[in-house]
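Thanks for taking a look at this one with me. Please have the viewer open while you go through my notes.

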Amino acid sequence: MKTYRVAVLAGDGIGPELVRVTIPILRLASYLYGFELIFEEALVGGTAIEATGKALPPETLEICKRSQAIFFGAVGGKQWESLPPEKQPERAALLPLRKTFSLFANLRPVTCYPELIEASPLKPEIASGVDLLIVRELTGGIYFGQPKGRVLTEQGERAIDTLVYDTSEIERVATVAFEIALRRKKSLTLIDKANVLESSLLWRKTVKEIAKNYPEVELKFMYVDNAAMQLVLKPTQFDVLLCENLFGDILSDEAAGIAGSLGLLASASIGSTKFGLYEPAGGSAPDIAGKGIANPIAQILSGALMFEYSFQEEEAAQAIKDAIRDVLKDGYRTMDIAKGSSTYCTTEEFAEKVAQKL
Ligand code: ATP
Ligand code: MG
């Protein structure tokens, strides 16, 4: 039987409660579709700082290295906000993980399910049919470019951030985006600011070159300011959006807003191999942690993404997505998306219903 090893890093806040209810669903899907999952739990984030002094202990990294995927909850919380920036759970755990495994592409699918159209802040006729995926470059651009820092000038303090991209960094993430577009509606929009940024011109040139290998995929270009507007005016025009790091960061949060709750959106961080890190788009949500009310959909969908991208178990992934929709059709909702005639349920109850549907 095909066997996949998964490092389970539940982390802080709502992370552990979401991961705990999701694991049985993933296990059940694996039985139904004939493969085996070996889960190995490891400490990460603030929880790991408390236990070992480190946000990403060496044992955790070892477990990740012998796995094919990382199933991640969330990290962070008020208790660790006073630590120096480089020791904060997010920076000290997620950044090194992305670096170690060279996870340069962040994928965020955004779907407006017909059953959940009322959760979207957009008018139903605009939100209806939204099914897009943002591919964000994750390890380059203005967040990491050198020089970076503060200098004192005669006019006062000056701050410097540098936006740098090499052709090879663009090529690899563009290839990921085209491969995904090929399996979807075969349309890719490069988001840039080519009217003012030199780096955007290199993105356009490089992406056009890569596009030659994918003649079936329609390639479009859009300035980021216009894209920000189009996302709320006519989001159905998009299939795959390819963005550099900063633009992708901003647009993926905007796209999250379209769905209506952070609790609905999954994300994947992948590289050139099948290895990937899968986590909800939201964070540790300290405001609702420990109350049993968090929406588990994002975490469950992150598992489906893992099946799809790391294991090529598309049928199992689809079955999980269908099960979630069936539960929504029956009217069950967690608090973040509950409205009108829906039946309120807890994190655990919702997950149990998904398992039953499956
Ligand atoms: P972090 O620093 O870890 O990102 P945060 O305080 O920014 O923490 P987020 O996790 O980003 O919090 O969440 C932002 C808002 O979305 C919060 O009000 C949170 O309750 C809500 N939220 C996030 N995830 C979920 C979820 N799974 N279910 C319901 N609400 C959620
Ligand atoms: Mg946040």
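The points below go from the sheet to its helices and then to two single residues.

1. A word on the basis first: this is a predicted model, in which local features need pLDDT of at least 70 and side-chain atom pairs count only at pLDDT 80 or more, while totals for chains, interfaces and linings use all residues. Residues are numbered from 1 along each chain as its sequence is written, and chains are lettered from A and ligands numbered from 1 in the order in which they are written.

2. Start with the sheet, which is open, has 10 strands and mixed pairing, and follows the order β2-β1-β3-β12-β11-β4-β5-β10-β8-β9. At its edges stand β2 (35–41) and β9 (218–223), each with a single partner strand, so one side of each has no neighbour in the sheet. From one strand to the next the twist averages 25°. Helices (H or I, at least four residues) and strands (E, at least two) are DSSP runs, numbered from the N terminus, and two strands pair if DSSP finds at least two bridges between them.

3. Strand β3 (residues 69–74) is a good place to zoom in, as 6 of its 6 residues are buried. Here a residue is buried if 20 or more other C-beta atoms lie within 10 Å of its own, exposed if 12 or fewer, and partly exposed in between, with C-beta atoms placed from the backbone. Strand β1 (residues 2–11) runs parallel to β3 and is joined to it by 5 bridges; Leu 9 has Phe 72 of β3 as its bridge partner. Strand β12 (residues 276–280) is also parallel to β3, with 3 bridges, and Ile 70 is partnered there by Leu 277.

4. Further along the sheet, β8 and β10 run parallel and share 4 bridges. Thr 189 stands opposite Leu 241 in β10.

5. Two helices lie across the strands. Helix α6 lies across β4 (105–111), β5 (131–137), β8, β10 and β11 (266–270), at about 165° to β5. Helix α8 (residues 224–233) lies across β8 and β9, at about 100° to β9. Axes are lines fitted to C-alpha atoms, for helices over the stretch in contact, and angles run from 0 to 180 degrees between N-to-C directions.

6. Which residues of α7 are buried? They are Ser 199, Ser 200, Trp 203, Thr 206, Val 207 and Ile 210. Seen down the axis of α7, the buried residues fall within an arc of 130° (taken from the directions from the helix axis to the C-beta atoms), so they line one face of the helix. The face turned away from them carries the exposed residues Glu 198 and Lys 205. The cover over the buried residues includes α6 (167–183), β8 (187–192) and β10 (240–243).

7. Phe 247 sits in helix α9 (residues 245–259) and counts as buried because it has 26 C-beta neighbours inside 10 Å. Beyond its neighbours within four places in sequence, Phe 247 is in contact (C-beta atoms, placed from the backbone, within 7 Å) with Ile 191 and Val 224.

8. Last, Ala 268 in strand β11 is buried, with 24 other C-beta atoms within 10 Å. Not counting residues up to four places away in sequence, Ala 268 touches Leu 107, Gly 276, Tyr 278, Leu 305 and Tyr 309. Leu 305 is 37 residues from Ala 268 along the chain, and their C-alpha atoms are separated by 6.9 Å.
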